[in-house]
Amino acid sequence: MGRREDGHVVERAEGGLATKVAFESRSRYLGRAEYTLAYRYAPGDAGMSWVSTEARGAVTNITGEYLLDEVDGETTVTYRLAVELGVLLPGFVRTQGAKRVIDNALEGLKRRVELG
């Protein structure tokens, strides 16, 4: 697919949750990006947020969050993501890149939910 992303945990909280993760991403369209995300977790598993603490290459800043709201046994997920790119791209390529970032993030959330 022309995309590869690897991440490794840099710091963990006492309970074992990752609080800082370094990523390296390569994309056919965007090139190489290296960034570190700092994670915060809402009390009661109500969500999580992240912000980039370092970013180089194709990405200069990333912020996002998942907010979980349970009502009548069903959970609604609100997902927000902002990515600032460090490269100039035509609108079509920028749109495709944004779609891939969102798809990857939602796949990560799905894996986490399925693992419990």
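**View 1. Strand 4 and strand 5 form a hairpin with 1 residue between them.** This is a predicted model, and here we start with two of its strands. Strand 4 covers residues 47–57, while strand 5 takes in residues 59–71. The two run antiparallel to each other and are paired over 5 bridges. To get your bearings, look for Ser49: its bridge partner in strand 5 is Glu65.

**View 2. Ser52 is a buried residue of strand 4.** Let's stay on strand 4, since Ser52 sits there too. Is Ser52 buried or exposed? Ser52 counts as buried, because its relative accessibility is 14% and the cut-off for buried is under 20%. Its side chain meets the side chain of Asn61 in a polar contact of 2.8 Å. Leaving aside residues up to four places away in sequence, Ser52 touches Thr36, Leu37, Thr60, Asn61 and Ile62. So Asn61 turns up twice here, once in the polar contact and once in the list of residues that Ser52 touches, with the cut-off for a contact being heavy atoms within 4.5 Å.

**View 3. Strand 5 also pairs with strand 6.** Slide along to the next pair of strands. Over how many bridges do strand 5 and strand 6 pair? They pair over 12 bridges, again in the antiparallel sense. One of the bridges links Val59 to Leu85 in strand 6. These two strands make a hairpin as well, this time with 2 residues between the strands. Have a look at Asp72 in this hairpin: Asp72 takes a positive phi near 55°.

**View 4. Four residues make a nonpolar patch on the surface.** The members are Leu81, Val83, Ile102 and Leu106, and together they have about 260 Å² of accessible area. Which elements each supply at least two residues of the patch? They are strand 6, spanning 74–85, and helix 1, spanning 91–115. Val83 is a handy one to pick out, and you'll find it in strand 6. Val83 counts as partly exposed because its relative accessibility is 31%, and a residue needs over 30% to be part of a patch.

**View 5. Val10 sits in strand 1.** Now we jump back towards the start of the chain, to the strand made of residues 3–12. With a relative accessible area of 44%, Val10 is partly exposed. Which residues does Val10 touch, once those up to four places away in sequence are not counted? They are Lys20, Val21 and Ala22. Another residue to find from here is Leu37, with a C-alpha 9.6 Å from that of Val10. In sequence, Val10 and Leu37 are 27 residues apart. You may remember Leu37 from the second view, where Ser52 touches it.

**View 6. The whole chain has 1 helix and 6 strands.** Time to zoom out. From the N terminus on, the elements run β-β-β-β-β-β-α. The C-alpha atoms fill a box of roughly 45 × 30 × 20 Å, taken along the principal axes. Of the 116 residues, 23% are buried. The accessible surface comes to about 8,000 Å², and 52% of that belongs to carbon and sulfur atoms. As for contacts between residues at least 6 apart in sequence, 26% join residues at least 24 apart.

Conventions
Residues are numbered from 1 along each chain as its sequence is written. This is a predicted model: local features need pLDDT of at least 70, side-chain atom pairs count only at pLDDT 80 or more; totals for chains, interfaces and linings use all residues. Side-chain values use heavy atoms; hydrogens and water are left out. Patches are made of residues with over 30% relative accessible area and no salt bridge: like charges are joined within 9 Å, nonpolar side chains (Val, Leu, Ile, Met, Phe, Trp, Tyr) within 5 Å. Accessible areas come from the Shrake-Rupley method with a 1.4 Å probe; for residues, only the protein chains shown count as cover. A salt bridge is a side-chain nitrogen of Lys or Arg within 4 Å of a carboxyl oxygen of Asp or Glu. Helices (H or I, at least four residues) and strands (E, at least two) are DSSP runs, numbered from the N terminus. Buried means under 20% relative accessible area, exposed over 50%, partly exposed in between (1.4 Å probe, protein chains only). A polar contact is a pair of N or O atoms within 3.5 Å; within protein, one must be able to donate a hydrogen and the other to accept it, and residues adjacent in sequence count only if both atoms are side-chain atoms. Two strands pair if DSSP finds at least two bridges between them.
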